[in-house]
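Visitor: I would like to know how the words used for a structure are earned. Could you show me one and take my questions?
Guide: Gladly, here it is.

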Amino acid sequence: MCKTNRDDAAEATRTATHNVHISDRKVKVFASEVEESTLKQARELARMPFVWPHVALMPDAHTGLGSSVGTVFGTKRAVIPAAVGVDIGCGMIGVLTQFTKDDLQGKDLKDLRQAIEDNIPLSPGNYNSWQLRDSANDRCRELNALAEELGVDLSHSPKWRQQLGSLGGGNHFIELCLDEQDRVWMFLHSGSRGVGNKIAKKHIKIAQRLCEQWWIPLPNKDLAYLVQGTPEFKAYLQDLKWAQRFAFLNREEMMDRFADCLEEFMGQELVELERINCHHNYTVKEKHFGHEVWLTRKGAVNAAEGRKALIPGSMGTASYVVEGKGYPGGLMSAPHGAGRRFSRTEARRRFTVDDLAARMEGIEYRPGEEFIDEIPDAYKDIDVVMRDAEPLVTVLHRLRQVMNVKGT
């Protein structure tokens with residue numbers, strides 16, 4: 001390691017240490033239900049010398065890789081790639097339409113579900129064919145230009161263009177919902193897909209290698225960091241910016257395809273009354289308590305005053321459209337969803353296909369054993385999460401699903 005990089009690392013540590021008091025007061029918890037392992041991760045993170053002003057655990061916080069999902073924190077002169085996570089830019093998009101519940105009467109939502117499944121690639125590893133529609137081609141051209149501008153190397157993902165407009169699996173979903181006025185919303189959850197995953201893992205390994213090379217002691221290797229002023233930091237922030245844009249456009253592309261399917265299903269042109277697209281896994285420069293920091297939201301949305309965001313529940317439960325209150329103690333953030341209560345393995349041990357069917361009664365969905373680990377019972381109660389989030393956001397709309405599409 002060259003002297004300049006050593007000096008940068010030392011300066012990052014000195015600068016941060018001068019401005020913080022390392023104690024449990026450095027962790028602010030907004031969750032009424034939180035695991036001890038999650039608190040342990042938050043305390044470890046808060047003791048990193050460059051974390052400022054504190055770590056905020058959102059109401060849906062649960063144990064994760066690097067830092068808990070539902071963690072928000074600022075850093076000075078450093079970033080932690082694993083704390084951002086491997087699904088860079090994962091988030092939500094929602095569209096309010098002119099349709100109402102009455103417009104759906106007499107229509108079989110299974111037809112709409114199957115049309116969506118035919119038009120949007122589902123599940124990990126399922127991508128578009130080489131022939132892309134015009135909107136996807138336009139978005140790919142934008143992303144290609146951005147990669148050239150930033151110097152982003154995408155050789156690790158030769159099929160990244162085919163990934164644009166694909167859903168993925170796990171807790172990613174596409175839903176048709178009704179709000180409290182019985183207005184129809186289109187709603188979906190996805191991120192930067194395989195290309196974002198490879199970008200994240202690449203930089204996590206680099207951070208771990210450098211911390212080991214510099215003999216930097218860490219509470220755990222997933223808190224390995226990159227120091228501002230180094231080539232590795234610059235490369236990560238450039239790749240991160242690209243992956244966040246990919247995730248944003250990926251949701252836009254899927255939503256446009258969803259709208260096409262809904263138009264055909266309804267037999268009339270769709271009118272968009274509102275569109276909200278927000279990340280909940282990312283890092284961005286922001287000012288908090290008078291200081292500029294790299295603000296990381298892992299499983300959290302921007303809840304600056306007046307900013308709209310989307311907070312989904314689990315499969316079969318309510319979701320919310322919210323407006324931020326800009327609460328400083330919460331680092332102007334809010335939860336990103338219900339948050340898991342049980343691991344996927346534990347959910348499969350506890351619940352059955354019949355349990356899932358009972359929880360999904362009245363909702364059009366694709367049944368199957370592969371979805372058992374997404375049963376609502378495997379997640380925290382979204383209404384409890386939202387009560388805990390009252391200091392952070394104002395609820396604008398409560399949505400309930402009438403149709404759900406998931407990848408395995």
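Guide: Let us start where the axes of helix 5 (residues 109–119) and helix 9 (residues 231–266) come within 9 Å and cross at roughly 145°. This is a predicted model, where local features need pLDDT of at least 70 and side-chain atom pairs count only at pLDDT 80 or more, while totals for chains, interfaces and linings use all residues. Residues are numbered from 1 along each chain as its sequence is written, and side-chain values use heavy atoms, leaving out hydrogens and water.

Visitor: What makes a stretch a helix or a strand here, and what is an axis?
Guide: Helices (H or I, at least four residues) and strands (E, at least two) are DSSP runs, numbered from the N terminus. An axis is a line fitted to C-alpha atoms, for helices over the stretch in contact, and angles run from 0 to 180 degrees between N-to-C directions.

Visitor: Which residues of helix 5 and helix 9 meet?
Guide: Contact means heavy atoms within 4.5 Å. By that rule Leu109, Asp111, Leu112, Ala115, Ile116 and Asn119 in helix 5 meet Arg257, Phe258, Cys261, Leu262 and Phe265 in helix 9.

Visitor: Why is Arg340 called buried?
Guide: Buried means under 20% relative accessible area, exposed over 50%, and partly exposed in between, with a 1.4 Å probe and protein chains only. Arg340 has a relative accessible area of 14%, so Arg340 is buried. Arg340 is found in the loop between strand 15 (333–335) and helix 10 (344–350).

Visitor: What makes the pairing of the side chains of Arg340 and Glu374 a polar contact?
Guide: A polar contact is a pair of N or O atoms within 3.5 Å; within protein, one must be able to donate a hydrogen and the other to accept it, and residues adjacent in sequence count only if both atoms are side-chain atoms. The two side chains are joined at 3.3 Å, so the term applies. The Arg340 side chain also reaches the backbone oxygen of Phe342 at 2.8 Å.

Visitor: How do you know that strand 5 and strand 7 pair?
Guide: Two strands pair if DSSP finds at least two bridges between them. Strand 5 (residues 91–100) and strand 7 (residues 183–190) have seven bridges, in the antiparallel sense, with Thr100 opposite Arg183.

Visitor: What is the order of the seven strands in the open sheet?
Guide: The order is 9-5-7-6-16-14-13, with antiparallel pairing. Strand 9 (272–279) and strand 13 (308–311) are called edge strands because each pairs on one side only.
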